[in-house]
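Biologist: Could you take me on a close look at one part of this model, the place where the ligand sits? Once that is clear, please add a word on the cysteines and on one serine.

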Amino acid sequence: MRIDIITIFPQMFEGPFSHSIVKRAVDKKRVEIFLHDLRDHTTDKHRSVDDYAYGGGAGMVMMIEPVDRCISILKAKHNYDDVIYLSPDGNLLNQPMANRLSLSKNLILLCGHYKGIDERIRKQLITKEVSIGNYVLSGGELAAAVLTDCIVRLLPGVLSDETSALSDSFQNNLVSPPVYTRPRNYKGYEVPEILLSGNDKKIDEWRHEQAVKRTEERRPGMLKDQ
Ligand code: ADE
């Protein structure tokens with residue numbers, strides 16, 4: 001998979017992409033991630049990417065020209081499954097959406113700023129709008145990093161045990177059951193006996209029961225979706 005991220009803060013991705021699973025995926029060549037500084041696609045000497053809103057009002061608006069120029073350059077070289085705009089009013093990211101996006105070959109992610117982006121970008125250039133939650137971030141960068149992370153970990157060969165993404169919370173509409181590791185007894189807090197029994201069938205049943213119980217308690221709506 002190839003992911004092109006258009007941003008005015010490419011440095012913001014250095015941390016999230018240079019550790020852990022995303023780094024491993026890049027090292028294993030399961031994904032190529034390219035960061036594009038939107039200011040490199042401006043033509044004025046101030047490298048401006050924003051301007052005042054027509055009709056007045058507070059806040060600047062991201063201009064269409066640099067975005068269009070950058071996307072056109074990318075599209076001339078690659079076919080993209082989607083051009084995604086990260087926006088608080090986009091479709092809420094969930095596991096089924098991440099699963100679907102992980103089947104893409106090439107994606108463009110556009111990170112917005114200021115009061116928003118010129119509506120013509122959304123209408124003409126964007127094919128999907130994604131929100132990572134009902135709250136407002138200072139820009140789309142953190143959202144793009146979250147989206148990239150949850151897609152990339154699903155790519156074949158990225159997680160060492162390929163089944164481990166399948167047993168994640170939210171796959172099969174269940175959150176994960178509780179897990180324990182050594183010591184068996186910590187200050188009187190015991191590991192549930194069943195996990196020490198060696199009976200794989202019983203352990204699987206217990207884990208399933210626990211996952212259902214937790215889902216009922218924490219995400220009751222999710223069970224109804226099944
Ligand atoms: N940009 C600002 N807030 C956002 C959010 N919650 N999700 C996606 N992009 C955003």
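Modeller: Let's start with a word we will need: a residue is buried when its relative accessible area is under 20%. Keep in mind that this is a predicted model.

Now to the ligand. The residues around the ligand include L86, S87 and P88, as well as V130, S131, G133, Y135 and L137. In that shell, eight residues are nonpolar, four are polar and none is charged. Three backbones come up to nitrogen atoms of the ligand: a polar backbone atom of G133 is 3.1 Å from one, a polar backbone atom of Y135 is 2.8 Å from one, and a backbone N or O atom of L137 lies 3.0 Å from one. On its own the ligand has 260 Å² of accessible area, and the protein covers 96% of that. Strand 5 (82-92) and strand 7 (128-131) are the elements that give two or more residues to the shell, and strand 5 gives the most, with three.

Next, the cysteines. C111 has 0% relative accessibility, so this residue counts as buried. C150 is buried too, because its relative accessible area is 17%. The whole structure has zero disulfides. For C111, the nearest cysteine sulfur is that of C70, 11 Å away; for C150, the nearest is that of C111, 14 Å away.

Last comes S102, in the loop between helix 4 (95-101) and strand 6 (106-111). S102 counts as buried because its relative accessibility is 13%. Its side chain reaches the backbone oxygen of N99 at 2.7 Å. Beyond its neighbours within four places in sequence, S102 is in contact with M1, I151, L154 and L155.

Definitions and conventions: Residues numbered from 1 in each chain as written. Predicted model: local features only at pLDDT ≥ 70, side-chain atom pairs only at ≥ 80, totals over all residues. Heavy atoms only, no water. Helix = DSSP H or I, 4+ residues; strand = E, 2+ residues; numbered from the N terminus. Buried < 20%, exposed > 50% of the residue type's maximum accessible area, 1.4 Å probe, protein only. Polar contact = N/O pair within 3.5 Å; in protein donor to acceptor, adjacent residues only side chain to side chain. Contact = heavy atoms within 4.5 Å. Disulfide = S-S within 2.5 Å. Near = heavy atom within 4 Å. Areas by Shrake-Rupley, 256 points an atom, 1.4 Å probe, with all protein chains shown as cover. Nonpolar A, V, L, I, M, F, W, Y, C, P; charged D, E, K, R; others polar.
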